[in-house]
Amino acid sequence: MTSCKLITWNVNSIRIRMDLLRKLCEQENPDILCLQEVKAKEEDFPFSDLKELGFEHIALYGMPGYNGVAIMAKMPLENICRLDWVGKKDARHIKATVFGDIEINNLYIPAGGDLPDPIANLSFAHKLCFMDDIAEYYELHQKDLLTKKILLCGDFNVAPSENDVWNHKQLLKIVSHTPIELERLQRLFKSLNFVDAVRLSYPEPEKVFSWWSYRNPNWKTNNKGRRLDHIWVSPCLAPQIGKARILQEVRGWERPSDHVPVALEIKI
């Protein structure tokens with residue numbers, strides 16, 4: 001049995017982060033890259049640069065200036081599909097099939113703004129409805145989807161466990177860790193009985209983070225992080241999952257994203 005390596009990363013602008021992407025590929029040699037917040041429309045996306053890195057197959061759902069998700073692979077991508085939720089075409093979800101039967105879903109859940117009130121803050125309401133829409137779809141099609149190998153990864157903008165944040169009590173009223181968000185994400189998690197592939201390699205109660213604010217210049221010393229970036233797999237795919245790694249060192253590279261890549265080995 002061989003294996004492939006998938007990496008998911010919120011790059012916060014692929015054009016700004018292209019040099020870091022090259023460095024990451026030299027260091028990790030991923031077979032599949034799932035990027036969020038690429039912030040580029042089709043004509044501005046660096047297809048040629050990525051193909052030089054070996055990614056001949058690229059599925060992009062881009063838009064100018066913000067959002068945008070892309071799946072890049074060294075093997076063929078089939079059944080490419082752009083998905084929209086909450087009636088918005090805002091480039092947050094793209095999926096494709098690899099190896100004939102593994103469905104890769106690359107997802108960028110809305111951040112939700114600063115005020116955790118869905119009435120006073122429409123961005124927060126959008127975030128909750130976005131998670132509900134996907135969960136409802138999976139629930140309605142659960143019987144068929146539970147027989148499939150499905151991987152859901154990306155920037156979910158929610159830290160679901162008290163060990164996914166630096167201080168559980170202090171962050172309960174902060175967007176990304178409020179009880180209502182945790183409830184919505186848990187509904188999505190249960191919709192297909194997903195397995196948290198990252199937590200298989202970093203078992204509770206170990207604290208693990210994938211995001212550190214730009215506002216904190218001493219991010220490494222203070223380590224006030226959150227685990228916002230996730231890789232989930234359906235039960236049918238779980239037996240093929242190998243080691244997961246959060247590549248924390250990338251946060252210390254020059255001009256980094258505030259998120260770091262998360263890598264996963266998949267047995268084929």
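In this predicted model, I102 and K149 are bridge partners, with K149 lying in strand β8. The bridge belongs to the pairing of β7 with β8, which runs in the parallel sense over seven bridges. Strand β8 also pairs with β10 (residues 229-233), here through five bridges and in the antiparallel sense. Within that second pairing, D155 stands opposite D229 of β10. Six of the seven residues of β8 are buried, so the strand is largely enclosed by the rest of the structure.

Strand β8 is also part of what covers helix α3. The cover over the buried residues of this helix includes β5 (78-85), β6 (88-98), β7 (102-108), α4 (142-145), β8 (149-155) and α6. The buried residues of α3 are F124, A125, H126, K127, L128, F130, M131, D132, I134, A135 and Y138. The N-terminal end of the helix is capped by N121, which places a side-chain oxygen 3.0 Å from the backbone nitrogen of S123. How far apart are the end C-alpha atoms of α3, and what span should its 19 residues give? At 1.5 Å a residue the expected span is 27 Å, and the end C-alpha atoms are 26 Å apart, which agrees.

One of the buried residues of α3, D132, takes part in a salt bridge with R187, where the closest N and O atoms are 3.3 Å apart. Because R187 lies in helix α6 (residues 179-191) and D132 in α3 (residues 122-140), the pair ties together parts that are 55 residues apart in sequence. The two partners fall into separate burial classes. D132 has 16% relative accessibility and so counts as buried, the cut-off being under 20%. R187, with a relative accessible area of 30%, is partly exposed.

The structure holds 20 salt bridges, and some of them form a network that links D164, D196, R199, E204 and R227. R199 is located in helix α7 (residues 197-201). Is R199 buried or exposed? Its relative accessible area is 11%, so R199 is buried. Leaving aside residues up to four places away in sequence, R199 touches N163, D164, E204, E206, V208 and R227. For E206 there is also a polar approach: its backbone oxygen lies 2.7 Å from a polar atom of the R199 side chain. Between E204 and E206 comes P205, and the peptide bond that joins E204 and P205 is cis, with omega at about 5°. P205 belongs to the loop between α7 and α8 (219-222).

Another part of the fold centres on strand β2 (residues 32-36). Why is β2 described as largely enclosed by the rest of the structure? Five of its five residues are buried, so the description follows from their burial. I32, C34 and Q36 point one way from the strand, L33 and L35 point the other way, and all are buried. Strand β1 (residues 3-10) runs parallel to β2 and is joined to it by five bridges, with L6 opposite I32. The chain gets from β1 to β2 through helix α1 (residues 18-28), and this β-α-β crossover is right-handed. Strand β4 (residues 69-73) is joined to β2 by five bridges too, but it runs antiparallel. In that pairing C34 stands opposite I71 of β4.

The loop between β2 and α2 (47-52) contains K39. K39 has a positive phi of about 55° although it is not a glycine. K39 also forms a salt bridge with E37, the closest N and O atoms being 3.8 Å apart. E37 has 13% relative accessibility and therefore counts as buried.

A second residue with this backbone feature is V86, whose phi is positive at about 60° although it is not a glycine. V86 is found in the loop between β5 and β6, and at 29% relative accessibility it counts as partly exposed. A salt bridge is formed between D84 and K89, with the closest N and O atoms 3.5 Å apart. D84 counts as partly exposed at 30% relative accessibility, whereas K89 counts as exposed at 69%.

Methods
Residues numbered from 1 in each chain as written. Predicted model: local features only at pLDDT ≥ 70, side-chain atom pairs only at ≥ 80, totals over all residues. Heavy atoms only, no water. Buried < 20%, exposed > 50% of the residue type's maximum accessible area, 1.4 Å probe, protein only. Helix = DSSP H or I, 4+ residues; strand = E, 2+ residues; numbered from the N terminus. Pairing = 2+ DSSP bridges. Right-handed = clockwise from strand over helix to strand, strands pointing away. Salt bridge = Lys/Arg side-chain N within 4 Å of Asp/Glu carboxyl O. Expected span 1.5 Å × (residues − 1). Contact = heavy atoms within 4.5 Å. Polar contact = N/O pair within 3.5 Å; in protein donor to acceptor, adjacent residues only side chain to side chain.
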